[in-house]
Every structure is written in structure tokens, then in C-alpha cells.
Amino acid sequence: MAPKDRRSLLLIPTLPAVTTPAGGVVLTRKFIAGCEAFRASWDGPLDLLLRPTREPTDNLDNVEVRPGDLAFGLRVLPLDDPAVKPLLAAAGVVLGGLCHEQSHLAAWSAEVGTPFAYTTEYTLRTRLQIASVEVKNPLRRLRRMWFERGLERRHEVSLRQASGLQCNGTPTFDAYRGLTPDALLFFDTRLEQAHLIGAGMLDERLRERQRRQAAGEPIRLAFSGRLKEMKGVDHLLPVAEELRRLGVPFQLDIFGDGNLNQALDEGIEDRSLAGLVRRHGTLDFHTELTPRIQSQCDLFVACHRQGDPSCTYLETFGCGVPIAGYANEAFAGLLERTESGVSVPMDQPEGLARAIQALAADTERLARLSHTARAFAAENTCERTFAARADHLERLRRRA
């Protein structure tokens with residue numbers, strides 16, 4: 001870690017780290033990109049402190065790195081270890097994540113005189129939704145919900161002890177901003193300015209969609225992400241079935257990997273959706289997935305069954321693609337700020353199919369949503385987002 005430097009930024013993410021026998025650390029490419037974006041925006045040293053774990057996450061972009069090869073310092077240490085407190089004291093400002101492993105860190109930072117900000121993503125409502133979807137055993141689900149409610153009370157205490165707060169998405173911003181003296185709203189994304197769809201390319205794609213719609217050709221739908229229940233992947237095939245029943249010409253491409261792989265493959269066959277629904281596995285975000293979504297997608301389908309403020313929303317908007325999805329609190333909060341898609345009540349795949357049907361027949365509205373989506377993403381690129389977050393942390397540092 002860096003020596004005492006009141007300009008240094010210490011990041012303590014919620015993401016745990018697996019250390020390997022060869023001295024490497026397993027992180028995710030998305031996380032590394034975020035750290036590099038912080039490094040580019042922060043005028044001073046950047047260090048990371050991660051808690052250890054034995055099993056890597058189920059993220060699709062895990063990668064092993066060597067700490068010495070990174071542009072920032074990295075240390076893996078249990079967060080309740082007494083050695084953490086001197087690391088907090090050595091920093092100019094600390095950005096942690098609101099989770100039970102870090103509930104004590106705001107108080108520890110206050111003890112050593114270092115400003116501390118939390119990053120938040122999930123409200124209590126979203127955490128309960130995730131538990132209801134992912135925990136199948138009723139007794140374990142009840143215990144998980146009881147734990148989450150108790151954790152929420154601890155979160156409120158921790159937030160009142162913190163110097164500031166950075167909220168990924170509107171749900172936690174609306175829920176927690178009154179608990180700290182300085183709260184920032186941002187929308188997480190790894191889509192850089194250079195990877196935004198060009199205005200000319202977008203206009204060309206929309207003209208093609210108008211031609212294809214007039215010729216009765218299918219609307220091109222897509223989903224990308226982890227293929228698991230909390231992302232509503234189990235609702236994609238019911239949406240497809242209803243679209244077929246409604247007589248809507250469509251093609252649905254599914255990108256990603258997860259525990260629902262086999263269920264999707266079997267469902268496509270059992271529901272006779274082969275040719276209408278296709279699976280493609282995981283594609284590289286910048287070189288494969290983003291160009292594919294930009295050039296071959298008219299509308300993104302997001303059946304997210306909880307309010308996870310996924311990067312998918314802003315990254316899809318940056319491709320000039322609107323979203324049709326469930327009105328979870330994250331997507332609903334986005335649509336309050338930008339008319340870049342349409343929403344239907346939660347857990348209504350038939351209603352989502354009808355919304356897609358309406359957009360498939362209204363190319364002018366689809367074009368308006370597409371332009372609005374791109375404009376909103378341009379205001380919230382990766383560079384702008386991390387610059388705003390760095391400015392916020394600098395403000396906290398100066399105030400200390």
C-alpha cells in the first residue's frame with residue numbers, strides 16, 4: 001500500500017478476491033476497468049483493499065491478475081483485521097461498499113480522521129426481492145429476509161457515521177440520501193465515449209428498421225447478462241411464446257452464461273422456439289457484444305425481477321437501443337429521468353410481449369426512444385461518471 005499521503009484514495013469494494021497459489025488474484029474485467037477509470041480521474045495514488053474468499057464470483061468476466069502488473073496498489077486482507085485501521089489512517093479519503101462486512105469501517109475511519117464514503121446499489125426492497133427469487137427453501141428464505149431486515153438497521157447507522165454516499169441508481173439515492181451530508185447519484189457503466197454508437201450509424205439502423213418493418217420482417221430483440229433467475233431469464237421464453245401467439249415477427253438473441261443454460265436450451269426445444277430464440281454464449285463486451293447490439297438489435301428485453309442498477313441499462317442505451325422491461329425500482333427510476341424505453345408491471349411476461357408488439361408496429365416511437373437513449377448515455381459515459389465520482393470524493397477529502 002502507498003505510504004501516508006493525504007491525496008491517496010483507498011477503494012474497498014464489496015467484491016471479494018480469490019488469491020491463487022501462483023500469487024495472483026482473481027477479479028473481474030469490469031471491476032478492473034472501473035479501477036482504471038478511477039485512476040484516470042483521481043489526482044493522486046490509488047490503492048485497493050479486498051477481503052479474501054475461497055470461491056470466485058459467478059460473474060462472466062473473472063480473470064487472474066498479478067498485483068504488481070496493475071496501475072494501483074492491491075492488498076487482500078480480512079476487513080475486521082486490526083491491520084485495516086492503519087490503512088484507513090494512511091488514506092486521504094476512502095470509498096467502501098455498503099455491506100455487512102464493512103458496516104464498521106465508517107466508524108473506524110472517523111476514529112483515525114479519514115473521510116469515508118459508502119457506495120450503494122441495493123435497497124432493502126431489492127435485497128428481499130433477490131432472496132425471494134434465489135432462495136428456494138422456505139425456511140432459509142425466511143432466515144435470509146430476517147437477516148436483511150436486521151442488516152438494514154445496521155446500514156442506517158453506518159450511513160449516519162459516513163462522510164458521504166455514492167448511489168448507483170435512483171433506488172438507494174432516494175432511500176438513503178437523507179442519512180449522510182453529501183450524496184451523489186450516478187449510473188454505473190463501462191461504456192466509454194469512443195464506444196457510443198455514432199449518430200450516423202444509429203440513423204442508418206433506424207432507417208433499416210423502418211424498411212424491415214414495412215416488409216414484415218422481424219423485430220430484432222436481445223438480452224445479455226448472467227443467465228440466472230434474478231435477471232428474469234426464466235421469463236424470456238414466456239415473452240417469446242406470447243409474441244408468437246400475438247403474431248409478432250421477432251428474433252430473440254440471448255447472450256451470456258449461467259445456471260439457466262440447460263433450462264433455456266430445453267425450453268427452446270420444448271416450446272418449439274428454435275429459429276425464433278437463439279443462444280450465443282458470452283461475447284467480449286467491447287469487441288463482440290457492443291458492435292453486435294449496435295448493428296443488429298432494435299430493442300433490448302430486460303425481465304429483471306429486482307431493482308439491481310445493472311450496467312446493462314446504460315450500456316444498452318449507449319448502443320442506441322431502447323429497453324422494454326419490468327418496472328423494478330431501478331428501471332422505473334431511470335425512466336423517470338429519461339424516456340429511453342417502456343416498462344410493464346413486475347412478473348408480467350404477457351404484458352411485456354404486448355409492449356414489444358406496440359413498439360414493433362411504431363417505428364417512429366422506436367426511433368425517438370433510440371435517440372433519447374443514446375443522448376442519456378452520452379451524458380453518463382464511463383469517463384464522465386468516474387470523473388463526477390472522483391470530484392465528489394475530492395470534495396469530501398478537502399472538507400475533512
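This is a short talk on the strands and some helix contacts of one predicted model.

Okay, so keep in mind throughout that we're looking at a prediction. Let me start with the strands.

There's an open sheet of 3 strands, and the order goes β2-β3-β5, with antiparallel pairing. At the edges you've got β2, residues 18–19, and β5, residues 62–65, and each of those pairs on one side only. If you zoom in on β2 and β3, where β3 is residues 25–28, you'll find 2 bridges holding an antiparallel pair. To give you a concrete spot, V18 sits opposite V26 of β3. Then there's a helix to go with this: α1, residues 29–41, lies across β3 and β5 and runs at about 80° to β3.

While we're here, have a look at G24. You'll find G24 in the loop between β2 and β3. Is G24 buried or exposed? Its relative accessibility is 1%, and the cut-off for buried is under 20%, so G24 counts as buried. And what is G24 in contact with, once you leave aside neighbours within four places in sequence? The list is V18, T19, E64, V65 and R66. So V18 comes up again: it's the residue opposite V26, and it's in contact with G24. On E64 and V65, remember that β5 covers 62–65. One more on this glycine: G24 and G68 are 44 residues apart in sequence, while their C-alpha atoms are 9.4 Å apart in space.

Right, next strand: β4, residues 46–50. How many of the residues of β4 are buried? That's 5 of the 5, so β4 is largely enclosed by the rest of the structure. As a reminder, in a regular strand the side chains alternate between the two faces of the sheet. Both faces of β4 are covered here, with L46, L48 and L50 buried on one side and D47 and L49 buried on the other.

What does β4 pair with? One partner is β1, residues 9–12, in the parallel sense over 3 bridges. In that pair, L10 has D47 of β4 as its bridge partner. The other one to mention is β6, residues 73–76, which runs parallel to β4 and is joined to β4 by 4 bridges. There, L48 is bridged to L74 in β6. So D47 is both buried and bridged to L10, and L48 is buried and bridged to L74.

Now for a couple of helix pairs. Take α7, residues 199–214, and α14, residues 363–379: their axes come within 10 Å and cross at roughly 160°. Angles over 145 degrees count as roughly antiparallel, and α7 and α14 are therefore roughly antiparallel to each other. The crossing of α7 past α14 is right-handed. Among the residues that meet, α7 brings in L202, D203, R205 and R209, and α14 brings in L366, S370, H371 and R374. By class, that contact has 5 nonpolar, 5 polar and 4 charged residues.

The second pair is α11, residues 311–318, with α12, residues 329–337. Their axes also come within 10 Å, but the crossing is roughly 40°, and that makes α11 oblique to α12. On the α11 side we have Y313, L314 and F317, meeting A330, F331 and L334 of α12. The classes there are 6 nonpolar, no polar and no charged.

That's what I had, so over to you.

Terms used. Residues numbered from 1 in each chain as written. Predicted model: local features only at pLDDT ≥ 70, side-chain atom pairs only at ≥ 80, totals over all residues. Heavy atoms only, no water. Pairing = 2+ DSSP bridges. Contact = heavy atoms within 4.5 Å. Axes fitted to C-alpha atoms, helices over the stretch in contact; angles between N-to-C directions. Parallel < 35°, antiparallel > 145°, perpendicular 65-115°, else oblique. Left-handed = near helix turned anticlockwise from the far one by under 90°. Nonpolar A, V, L, I, M, F, W, Y, C, P; charged D, E, K, R; others polar. Buried < 20%, exposed > 50% of the residue type's maximum accessible area, 1.4 Å probe, protein only.
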